[in-house]
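Work through the following exercises with the structure open. Each task is followed by a solution in steps.

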Amino acid sequence: MKGNTARPAVLPVAPTRGRLRPLGLDEVRITGGFWARRRHVNETVTLGHCRDWMARAGWTGNFRAAAEGRVPRDRRGREFADSELYKLLEALAWQAGTGTGAAPALDAESAALTEAVAPAQEPDGYLNTAFGRPGQPPRYSDLAWGHELYCYGHLIQAGVAQARSRGEGELTKIALRAADHVCATFGTGGTEAVCGHPQIETALVELARLTGERRYLDQAALFVARRGHGTLPEGEFGRAYHQDDLPVREAGVLRGHAVRALYLAAGAVDVAVETGDEALLAAVVRQWEATVARRTYLTGGMGAHHRDESFGGDFVLPPDRAYAETCAGVASVMLNWRLLLATGEPRYADLAERTLFNVVATSPAQDGRSFFYANTLHRRERGAVPAEDTVSPRAASGLRAPWFAVSCCPTNVARTLAQLPAYLATADDRGVQLHQYADAEIATSLPGGHGVALRILTDYPWGGDVVVRVDRSPDRPWTLSLRVPDWTAGATAWLTDPAGGRRTVAPGTAEITRVFRPGDRIRLELPVRPRWIRADPRVDAVRGTVAVQRGPLVYCAESVDLPDGHDVDAVRVDPSAAPQDGPAGAGDSAGPGGEPGEGATVVVAGEIAAPGARDEGAWPYRPLDDPAGTPAADRAGIVLVPYHSWANRGPATMRVWLPTVNP
Ligand code: FUB
Ligand code: ZN
């Protein structure tokens, strides 16, 4: 380990250079509100839920079966099932590293799972339960689909998490042996290949950062450079599916399988930052810009095709076929965080915020026991509640499912929520930057070892007031920077300094530089109110519709809020009337431990087609000048709920983009 004396800072991502310095889980604590609730459910329910399902599905037992020579007969699950254990191990480590009282229990869980994994590692470091043993396909015989390097990636990230969070232990040692095996097998002079699923790139860079060993970074750089040269078979989805169609530094937009594309981009940023490769960083920035401008849903969701879980073409963003896989949301947050650290630009924190609130927070049910895999923006049919003891196909269910045959999303949500406090704030030579708003405590040091302690008080995202109280500060000037979110554009945000000076601030970054004193308060007032949103007309699938956003939250109509028997497709809204705040009471407030303001609804003017007003058997197309067939409708106030909260009240239809009256 680097330095090998003190435990490293508890950092999920620890670049050695870049515009901003991340703060560790030991420096930032989320103390209440939206994310505290979700992190509590994650710690107390979801982690155990994932552990139990993996035991029950046989995925935990695969390791012992491999060690005891009982594979392939006794092996269960898909070829990448090993990775789910590793992601859970990573989640346990970060969660334990956040100063929770549950840390000893989480450590015990981690030790038990590590004990399950360890016997399957072979003397040369190879570790995978699906390949290489008698009766199984040989090692690395199916790099396109076998996921062996992908699984190592998650194993290595778990090992890094343990070292940073709990101190180097058995899991870290297993990860190091695996990483050494990867370098020996795929390094210069070895097999010149890449994995069909990027992921190992970020992991190897993080291991290099942890250990100070350059060879892990070199290996990651090799994997990034090798991709795009057609070393993988073309397959039914084409080379773009694996991002093997174009070298990373030549591509103009993210394409192919969304999770693969985003993990690769994140790995490329890591490599670029550590090697000082400005051209590579610029290539990823260019791809990010094109993808955000043309291939991203209002929710931040990415991926428009079910067939191959991939990005669609430009502006192909059908709401009712949105795939927007939860893992793509997680991967987008990872990419945005790395770009933010590298450049300091708030646009990356803007997209991370949108994605966290509207994709990552949407996946788990309020009780933390079921998950969306795909995050559609329009559900036409009320789904059935999957039975508690069944494994669901990945995206088929209309409602959240407890577990999937491909269960990548639950563990990805778990590890993201576990490390979430680290995404709130950073520091640099000038001071501290706040990127995401939550009730929180921050304690860090500025250059020269000057301690700074801040308390953030807010009911964000339900309200827009963010108060920063200075609890400790050096006796010299420094700069507090606050992100003014992109969603405030066209409205007015205010910043009040400790002396009472109040000024408007524009989207981007607002700064106050002064000698702060303990007790000083800085107040950011963000205009959280519901607003109509329209899409670029090139997003053809949502022409003639509007959506509602309130602060960072996207809203939706859900059939459970309509008069009995109506579905959301009966709703048309009137955007000439401004949307209004509605009562709390739907969505989140139904859950345990609701915070004040949780579950704020929005009411919009519109009409609902009367039941039976539509001729269900009629030809659905008519001349525009023929009014016959326009269903009778009743004027109504229509209640909208936060999108992330939908499907928590039983089977329902739902839509985000709502047709307007008189289109
Ligand atoms: O291939 C492993 C994971 O399964 C991917 O990241 C997800 O998209 C799902 O296909
Ligand atoms: Zn997934």
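**Exercise 1.** Locate Phe315 and Ala324 in the chain, then state the sign of phi and the burial of each residue.

Solution. Step 1: in this predicted model, Phe315 sits in the loop that runs between α10 (278–294) and α11 (326–343). Ala324 also belongs to the loop between α10 and α11.
Step 2: phi of Phe315 is positive, about 65°, although the residue is not a glycine. Ala324, likewise not a glycine, has a positive phi near 40°.
Step 3: buried means under 20% relative accessible area. Phe315 has 13% relative accessibility, so Phe315 counts as buried. Ala324 has a relative accessible area of 1% and is therefore buried.

**Exercise 2.** Find the cis peptide bond that Pro72 takes part in and the one that Pro461 takes part in.

Solution. Step 1: Val71 and Pro72 are joined by a cis peptide bond with omega of about 5°. Pro72 is in the loop between α2 (61–67) and α3 (81–96).
Step 2: between Tyr460 and Pro461 the peptide bond is also cis, with omega of about 10°. Pro461 is placed in the loop between β7 (450–458) and β8 (465–472).

**Exercise 3.** Which residues surround ligand 1, and how much of the ligand does the protein bury?

Solution. Step 1: the residues around ligand 1 include Phe80, His147, Tyr150, His197, His257, Glu309, Arg394 and Cys408.
Step 2: check the side-chain N or O atoms against the ligand's oxygen atoms. The distance is 2.7 Å for His147, 2.7 Å for His197 and 2.6 Å for Glu309.
Step 3: ligand 1 taken alone exposes 280 Å², of which the protein buries 97%.
Step 4: look at His147, found in the loop between α4 (103–117) and α5 (148–166). Its relative accessible area is 5%, so His147 is buried. Beyond four places in sequence, the contacts of His147 include Glu79, Phe80, His197 and Arg260.

**Exercise 4.** Describe the largest nonpolar core.

Solution. Step 1: this core has 187 residues, and those with the most contacts inside it are Tyr152, Ile156, Leu434, Leu454 and Leu480.
Step 2: helix α9 (residues 258–275) supplies the largest share, 13 residues.
Step 3: another core, of 21 residues, lies apart from it and has Leu377, Cys556, Tyr643 and Val656 among its members.

**Exercise 5.** Where does pLDDT stay under 50?

Solution. Step 1: the protein averages a pLDDT of 94, and 96% of the residues score at least 70.
Step 2: pLDDT stays under 50 over residues 1–7 and over residues 586–594.
Step 3: where pLDDT is low, predicted coordinates should not be read in detail.

How values were computed
Residues are numbered from 1 along each chain as its sequence is written. Chains are lettered from A and ligands numbered from 1 in the order in which they are written. This is a predicted model: local features need pLDDT of at least 70, side-chain atom pairs count only at pLDDT 80 or more; totals for chains, interfaces and linings use all residues. Side-chain values use heavy atoms; hydrogens and water are left out. pLDDT is the predictor's confidence in each residue, from 0 to 100. Contact means heavy atoms within 4.5 Å. A nonpolar core is a set of buried Ala, Val, Leu, Ile, Met, Phe, Trp, Tyr and Cys residues joined through side-chain atoms within 4.5 Å. Buried means under 20% relative accessible area, exposed over 50%, partly exposed in between (1.4 Å probe, protein chains only). Helices (H or I, at least four residues) and strands (E, at least two) are DSSP runs, numbered from the N terminus. A residue is near a molecule or strand if one of its heavy atoms lies within 4 Å of it. A polar contact is a pair of N or O atoms within 3.5 Å; within protein, one must be able to donate a hydrogen and the other to accept it, and residues adjacent in sequence count only if both atoms are side-chain atoms. Accessible areas come from the Shrake-Rupley method with a 1.4 Å probe; for residues, only the protein chains shown count as cover.
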